[in-house]
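Colleague: Please take a close look at the strand pairing in this model and at what surrounds it. Give the cut-offs behind each term as you go.

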Amino acid sequence: MYELIICEKPNAAQKIAEALADGKAIKENSEGVAYFKVTHGKKDIVVAAAVGHLYGLAQKEGRKWSFPVFDIEWKPAHEMNKKSAFSKKYLNVIKKLSKDAKEFTIACDYDQEGSVIGKNIITIACKQKDANRMKFSTLTKPDLLEAYETKSHHLDWGQAEAGDARHRLDWINGINYSRALTSSIKAAGSFKIMSTGRVQGPALKIIVDREKEIRSFKPEPFWQIEMQSLAKKETLIAWHKTDKFFDKEKALDAFNKTKDQKSATILDVQKKQFRQAAPEPFDLTSLQIEAYRCHRISPKETLQIAQELYTSGYISYPRTSSQQLSDKIGFHKIISDLARQQTYAELAKKLLSKDKFMPNNGKKTDPAHPAIYPTGVAPGELNEREHRLYDLITKRFFATFGDPALRETMTIDIDCNHEPFVSKGTRTVEKGWHIFYEPYVKLEEEELPPVSKNEQITIKKIKMHDKETQPPKRYTPASIIKELEKRNLGTKSTRAAIVDTLFDRGYVSGKAVEATNLGIKTVETLEKFAPKILDEEMTRFFEEQMDE
């Protein structure tokens, strides 16, 4: 008789077995599926793995394309989808191992999805009413040992029920809406698999609304006047203080007064210094946005790579909405471990030389996990994109402990024949945290010539620019995720997949996310006949209820 520990992925099972084994973990095999036997103290433990969800929701009976359908149940994933056929052997092995187990422990990821995966395996496959629960944020030996020693004697039923409710709501809304949409197109004499859902609908509406704004946008002409001059033998660019002239007559008047002038007078020079705080630690959304900005890695791929880095033990759990790091994670030890990696040795030693260090924590929290951080475990072979993401996470971690940067803004007011011009430039005086976050610091550095009040400067050229107002920008794959988060639509783990579905269905296209005609017509039809499907309030209400 033994304790059976069930993990979410094979990689995690191996890490947990190695962490708990007093000696060496013994690897066994059944149906080509690995599991591990270990001795921990006086206990015999078997560690087995799932491959994500081994169960999915399906309707109990009735015609497949009928709707509405509300009578649903959890069924083995391999019975429902050919793509999940490989999961059958993992389920068989867990069922077999459960027969001789006297104690059960779930060690799936500590979030709603992990809790649903664990609940289904325990209640359906193992036929148990409850189990122990391990909770951890990194797959490092100290964290796993602590998670085992402090495991709770019950499943996290709150998380499990919230996750179960989410799956049922998504299935009932998604399947019924999608079947109704597909049937309506079929009734109109065409055929196309259509889909929408309680988050997909509002997400598509956001993109379509932006597209309609862009299409209906009427550009408005405006004019700007630029002065190119020499001050202290350096080029100084200034712009008319009005900035945008929407009245051409007024623009021409100012231009004609200044175009033939040979010099101008410095009226005032102001310098203002300000402290720029270190960045906040990464939660999943801010990591996805930054990875897209710095490396053009899509939000979906960022999550996939981060998950790999986590299961390899190199970073903490990525599906977090926290921007806070607690000193419980052991800042000094992590930074000391990073100092042993050649790439980060110099930066780590700089931090270690400080008297004390505390991260610049953000406001967002997550009851289950801290913000994303490197564990200090040196990575093995990483491909280029994995290395880029690991580097971004590590340098962001360092930067959160950095001193504020000191920046200085210089404003020069200029008079040219009684027309006011202004030149502005900002430079970094003390780098502070920038040192730790290079090359990811993207700031305009513009140092202006050291001019003084009443000084005369030489005008080289005055130009009048004809311009037009621009329509609002289309969303990028990263900015639409940020927008969904701002509106509390979907979860940190699902937003990237929802946007992906919009592409797969042909509702949107392009790197600058553009609504297609199909996407626009779908939203227009739903707005007319079933507006609730697109209602953000309903979805937000669901999210708040599930959080509770």
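Modeller: I start at a turn in the chain: Glu 31 sits in the loop that runs from β2 to β3. Helices and strands here are DSSP runs numbered from the N terminus, helices being H or I with at least four residues and strands E with at least two. Glu 31 is not a glycine, yet its phi is positive, about 55 degrees. The model is predicted, so local features need pLDDT of at least 70 and side-chain atom pairs pLDDT 80 or more, while totals for chains, interfaces and linings use all residues. Residues are numbered from 1 along each chain as its sequence is written, and side-chain values use heavy atoms, with hydrogens and water left out.

The two strands on either side of that loop belong to an open sheet of six strands, ordered β2-β3-β4-β1-β7-β8. Its pairing is mixed; two strands count as paired if DSSP finds at least two bridges between them. The edges are formed by β2, residues 26–30, and β8, residues 132–133, each of which pairs on one side only. Within the sheet, β1 (residues 2–7) and β4 (residues 43–49) run parallel and are joined by five bridges. In this pair Ile 5 of β1 stands opposite Val 47 of β4. A helix, α5, packs on this sheet and touches β1, β3 (33–40) and β4, where contact means heavy atoms within 4.5 Å. The direction of α5 makes about 70 degrees with that of β3; directions come from lines fitted to C-alpha atoms, for helices over the stretch in contact, and angles run from 0 to 180 degrees between N-to-C directions.

The helix on this sheet also takes part in a pocket. The second largest pocket has 30 lining residues, and those nearest its centre are Ser 137, Asp 143, Lys 328, Ile 329 and Tyr 373. Two elements, α5 (141–149) and α11 (331–338), each give two or more residues to that lining. The most comes from α5, with four residues. A pocket is found on a 1 Å grid over the protein atoms alone, with a 1.4 Å probe: it is an open set of points with protein on both sides within 12 Å along at least five of seven lines, and lining residues have an atom within 4 Å of a point. By class, this lining has twelve nonpolar, eleven polar and seven charged residues. Ala, Val, Leu, Ile, Met, Phe, Trp, Tyr, Cys and Pro count as nonpolar, Asp, Glu, Lys and Arg as charged, and the others, Gly among them, as polar.

Further strands form a barrel. Six of them close up in the order β9-β10-β13-β12-β11-β14, with antiparallel pairing. From one strand to the next the twist averages 35 degrees. Strands β11 and β12 run antiparallel and share eleven bridges, and Lys 271 has Met 410 of β12 as its bridge partner. On its other pairing, β11 (residues 263–276) is joined to β14 by three bridges, again antiparallel; here Ala 264 stands opposite Ile 457 of β14. Strand β12, residues 405–416, is joined in turn to β13, residues 419–430, by eleven bridges, and this pair is antiparallel. One of the facing positions in that pair is Leu 406, opposite Glu 430 of β13. Helix α8, residues 248–258, packs on the barrel sheet and touches β9 (221–231), β10 (234–240), β12, β13 and β14 (456–468). The direction of α8 makes about 160 degrees with that of β14.

Two loops next to strands hold cis peptide bonds. One of them leads into the barrel: Pro 439 lies in the loop between α14 (434–437) and β14, and the bond from Glu 438 to Pro 439 is cis with omega near 10 degrees. The other involves Pro 68, in the loop between β5 (55–59) and β6 (72–76). There the bond between Phe 67 and Pro 68 is cis, with omega about 0 degrees.
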